[in-house]
Structure formats: C-alpha cells, structure tokens
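Subject: Structure handover

Hello,

Here is the structure I promised to pass on to you. Have a look at it first, and then read on for what I found when I went through it.

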Amino acid sequence: NKAPRSTGGPCRVSGGSSRAYGPVRAAMLARMMGTAPAASSGSATGARAIGVATNVREMDGLTNLVDETKRAFGRVDILVNNAATNPTYGPVANVDERAWDAVFNTNLRSVFFLSKLVREAILEHGEGGSIIMISSTGGLRAGNGLGAYSVSKAALLMLTRVLANEWGKDDIRVNAIAPGVIQTEFSRALW
C-alpha cells in the first residue's frame, strides 16, 4: 500500500487518478474543509487519509506535514505538489514585490523544500516513490495577465526535470502535470 500525500491547495475540482486514490482525495478534501474526522477511509477500497492543516510557506508546517504523514502511515511514498497562488492579474510590470514573493514562495519555494523532505522520507524506507508536480500550461507559453504565475510554473517545470535527473537514481520518479484553465474560483479572471 502506498501512502499518498498532497499539499492540499485550495481546490473545487477533485477527482482521483485511480479507484484507490479517489476516496483518499475526497477524504483529504473533506478533512481540510473541516467536514470529516482526522482519519477517514474509502468505503470500497479501505484507503485511509488524514488532513493536516499546513501553511506551505512555512518550513515548520512542511516538516509537520511530513512528520504527521509518517506518524499516521509509517512512511511516505507519494507527494502531489498542488498548492498554488496568484494574487495578481495584469501586466507583469505592475506586480509588486509582495505579490511576486507570494507567488514564488508558494508555487516554487514550498514545492522544492517539501519535495526535499519527502525525498528523505522515501529514502528512509528505500523502496522508491513518486513526486508529482502540478504545473500549468501557463508555464509553457506566455499569456496576458499571468506573468508572475507563468514564470513560477515554468520554473516548476525545470525544477521537475532537475529533480527527476538527480533523484531517479534513488528510484524516486519526479513528473509534472500541466493542466490548462479549469473553471474554478482561482481562475475566475480568465473565464
């Protein structure tokens, strides 16, 4: 049994990538919204999930997230880096330092440091694992109004390549998914 771990970014669209992870993701989201007990299980699969409130911009929070996952499941096998922010919309020349830092601290810095923590947890059990980065098509092509966000997602794609290159020898797969615009509250300005 693999123990999935998600950074749990704000989300209104949810779906499991397999029958086993669908109930896990649903339970995780329910817990994050305060509507489920600390440990939940998927009815059909027996999959378990926990919710750990985490500010991904704080190292103590990232460390606690990994520690709580190990405490609940005994190990970490999978990380889905999903948290993201974009507090600004408009020309990149109008992005101030605070907004730039918020985007990069959430979309890149936290991903790097959480990935490092999870790598150490995977090395502890020595059976390999997987880190999945949620990037964006905005990281593949320039678009109007999303300058800082697009730059952060392009950097995330390169971070994915670097980590895959360096950590593959430890049987840690690092891949990225780059979805397009999905109609959520987060993307309202784009649709």
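Arginine 75 counts as buried in this predicted model, because its relative accessibility is 19% and the cut-off for buried is under 20%. Its side chain meets that of glutamate 127 in a salt bridge, with N to O at 3.1 Å. Arginine 75 sits in the loop between helix H2 (59-73) and strand S4 (78-81), and glutamate 127 in the loop between H3 and S5, so the pair ties together parts that are 52 residues apart in sequence. Unlike its buried partner, glutamate 127 is partly exposed, with a relative accessible area of 48%.

That pair is part of a set: the structure holds seven salt bridges. Another one joins the side chains of aspartate 170 and arginine 119, again with 3.1 Å from N to O. Here aspartate 170 lies in the loop between H4 and S6 while arginine 119 belongs to helix H3, so this bridge ties together parts that are 51 residues apart in sequence. Arginine 119 is buried at 16% relative accessibility, and aspartate 170 is partly exposed at 24%. Aspartate 170 also forms a salt bridge with lysine 169, where the closest N and O atoms are 3.4 Å apart. Lysine 169 counts as exposed, because its relative accessibility is 66% and the cut-off for exposed is over 50%. If you display the side chains here, you can trace a network of salt bridges that links Arg119, Glu120, Lys169 and Asp170.

While you are looking at aspartate 170, do check leucine 123 as well, which is found in helix H3. The C-alpha atoms of leucine 123 and aspartate 170 are separated by 7.5 Å, although the two residues are 47 apart along the chain. Leaving aside its neighbours within four places in sequence, leucine 123 is in contact with Asp170 and Ile172. Leucine 123 is partly exposed, with a relative accessible area of 34%.

Now to helix H2. Its 15 residues should span 21 Å at 1.5 Å a residue, and this agrees with its end C-alpha atoms, which are 21 Å apart. Which residues of H2 are buried? They are Gly61, Leu62, Leu65, Val66 and Thr69. These residues cover an arc of only 135 degrees around the axis, which puts them on the same side of H2. The face turned away from that buried side carries the exposed residues Asp60 and Arg71. After H2 comes glycine 74, whose phi is positive, near 85 degrees.

H2 also gives residues to the largest nonpolar core, which has 28 residues. The residues with the most contacts inside this core are Leu114, Val118, Ile131, Met133, Leu159 and Val174. The elements that give two or more residues to it are H2, H3, S5, H4 and S6, and the largest share, nine residues, comes from H3. Valine 118 is a good place to start if you want to walk through the core. Leaving aside its neighbours within four places in sequence, valine 118 is in contact with Val66, Val76, Leu79 and Ile131.

The last stop is helix H4 (residues 147-167). Its 21 residues should span 30 Å at 1.5 Å a residue, and the end C-alpha atoms are indeed 30 Å apart. The buried residues of H4 are Gly147, Ala148, Tyr149, Ser150, Ser152, Lys153, Leu156, Leu157, Leu159, Thr160, Leu163 and Trp167. What covers them includes helix H3 (97-125), strand S5 (129-134) and strand S6 (172-177).

Is serine 150, in that same helix, buried or exposed? Serine 150 is buried, with a relative accessible area of 10%. Leaving aside its neighbours within four places in sequence, serine 150 is in contact with Gly138, Gly139 and Arg141.

Happy to go through any of this with you.

Best wishes

Technical notes. Residues are numbered from 1 along each chain as its sequence is written. This is a predicted model: local features need pLDDT of at least 70, side-chain atom pairs count only at pLDDT 80 or more; totals for chains, interfaces and linings use all residues. Side-chain values use heavy atoms; hydrogens and water are left out. Helices (H or I, at least four residues) and strands (E, at least two) are DSSP runs, numbered from the N terminus. Buried means under 20% relative accessible area, exposed over 50%, partly exposed in between (1.4 Å probe, protein chains only). Contact means heavy atoms within 4.5 Å. The expected span of a helix is 1.5 Å times one less than its number of residues. A salt bridge is a side-chain nitrogen of Lys or Arg within 4 Å of a carboxyl oxygen of Asp or Glu. The arc is that of the directions from the helix axis to the C-beta atoms. A nonpolar core is a set of buried Ala, Val, Leu, Ile, Met, Phe, Trp, Tyr and Cys residues joined through side-chain atoms within 4.5 Å.
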